[in-house]
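Here is a short set of exercises with worked solutions. Have the viewer open and try each task before you read on.

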Amino acid sequence: MTGNSASTTIRPAAMDDCSSLAVLSIEVWTGTYLRDGISGHFADYVLSQYTPAHFAAVLENPAERLLVSQNRDGIDGYVRISHGHPSPAGGASRTEISTLYVQPQHHGRGIGLCLLQAGLQHCRDSSWDAPWLTSNSDNARAISFYLRNGFEKTGQTHFWIGGSRYPNDVLQLRAL
């Protein structure tokens with residue numbers, strides 16, 4: 001599949017992408033959530049969570065699908081869809097968009113939309129449910145993106161790290 005930009009291709013992730021996925025994840029996660037400094041518990045979380053081994057395990061799991069946006073120089077975004085994960089807000093869907101990350105310098109180019117559409121097409125092709133996802137409640141840009149693209153708020157949950165909790169909105173795709 002080709003994205004909106006002629007130089008971007010959406011494709012399934014491969015094992016040799018794992019280190020790039022780890023670095024991209026660290027870049028996006030730290031840039032999005034660590035605005036007032038980096039504490040040890042956040043650093044420990046990021047460095048333990050986003051590893052090449054983590055992504056290799058995802059790629060080996062048949063209930064997971066990872067698609068990447070590839071430009072001429074490398075990966076600039078990805079979407080991860082996980083099947084068999086019930087929504088914390090209830091409902092029938094057991095399919096989660098676990099992650100949709102695009103490098104900040106590539107925002108506004110349609111990459112996130114291309115990844116979202118490719119992920120939704122995978123859900124259709126696999127007969128998976130219309131997916132749900134969570135987004136940090138303070139991430140107005142991400143929430144607005146999902147609301148514009150057919151999702152609706154269906155509840156709230158919390159992300160726990162270092163003994164603290166952070167509110168996350170639960171969003172459900174209205175129809176696949």
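How many disulfides does the structure hold? Before solving this, note that the model is predicted, so local features need pLDDT of at least 70 and side-chain atom pairs count only at pLDDT 80 or more, while totals for chains, interfaces and linings use all residues. Residues are numbered from 1 along each chain as its sequence is written, and side-chain values use heavy atoms, with hydrogens and water left out.

**Exercise 1: cysteines**

Task: settle the disulfide count, then look at Cys114.

Solution. Start with the criterion: a disulfide is a pair of cysteine sulfur atoms within 2.5 Å. The structure holds zero of them. Cys114, for one, is in no disulfide, as the nearest cysteine sulfur belongs to Cys123 and is 16 Å away. Next, check the surroundings, where buried means under 20% relative accessible area, exposed over 50% and partly exposed in between (1.4 Å probe, protein chains only). Cys114 has a relative accessible area of 10% and is therefore buried. Cys18, at 5% relative accessibility, also counts as buried.

**Exercise 2: helix H4**

Task: compare the span of helix H4 with the expected one, and find its buried residues.

Solution. Helices (H or I, at least four residues) and strands (E, at least two) are DSSP runs, numbered from the N terminus. H4 covers residues 111-125, which is 15 residues. The expected span is 1.5 Å times one less than the number of residues, so H4 should span 21 Å, and its end C-alpha atoms are indeed 21 Å apart. Now for burial: the buried residues of H4 are Ile111, Gly112, Cys114, Leu115, Leu116, Ala118, Gly119, Leu120, His122 and Cys123. As a reading aid, an α-helix has 3.6 residues a turn, so residues three or four places apart point the same way. Take His122 as an example: its relative accessible area is 17%, so His122 is buried. Contact means heavy atoms within 4.5 Å; not counting residues up to four places away in sequence, His122 touches Arg65 and Trp128. Just after H4, Ser127 takes a positive phi of about 55 degrees.

**Exercise 3: strands around S7**

Task: which strands pair with S7, and in what sense?

Solution. Two strands pair if DSSP finds at least two bridges between them. On one side of the list is S5 (residues 132-136), joined to S7 (residues 164-173) by five bridges in an antiparallel arrangement. Within this pairing, Thr134 stands opposite Val170. Then comes S6 (residues 151-161), which is antiparallel to S7 over 10 bridges. Here Phe159 stands opposite Tyr166. Finally, inspect the turn: S6 and S7 form a hairpin with two residues between them, and Gly162 in that turn has a positive phi of about 55 degrees.

**Exercise 4: aromatic pairs**

Task: describe the geometry of Trp29 with Phe159, then of Phe55 with Tyr78.

Solution. Rings of Phe, Tyr and Trp (its six-membered ring) pair if their centres lie within 6.5 Å; planes under 30 degrees apart count as stacked, over 60 as edge-to-face and the rest as tilted. A search of the whole structure finds 10 such pairs. For Trp29 and Phe159, the centres are 6.5 Å apart and the planes make 55 degrees, a tilted pair. This pair links distant parts of the chain, from Trp29 in helix H1 (residues 18-33) to Phe159 in strand S6, 130 residues apart. Trp29 is buried at 5% relative accessibility, whereas Phe159 is partly exposed at 28%. For Phe55 and Tyr78, the centres are 5.7 Å apart and the planes lie at 85 degrees, so the pair is edge-to-face. Phe55 lies in helix H3 (residues 52-60) and Tyr78 in strand S3 (residues 75-83), so parts 23 residues apart in sequence are tied together. To finish, one aromatic cluster is formed by Trp29, Phe42, Tyr45, Tyr50, Phe159 and Tyr166.

**Exercise 5: Ser69**

Task: is Ser69 buried or exposed, and what does its side chain make a polar contact with?

Solution. First locate Ser69 in strand S2 (residues 64-70). At 0% relative accessibility, Ser69 counts as buried. A polar contact is a pair of N or O atoms within 3.5 Å; within protein, one must be able to donate a hydrogen and the other to accept it, and residues adjacent in sequence count only if both atoms are side-chain atoms. The side chain of Ser69 makes one with the side chain of Asp76, at 2.6 Å. Leaving aside neighbours within four places in sequence, the contacts of Ser69 include Thr8, Ile10, Ile111 and Leu115.
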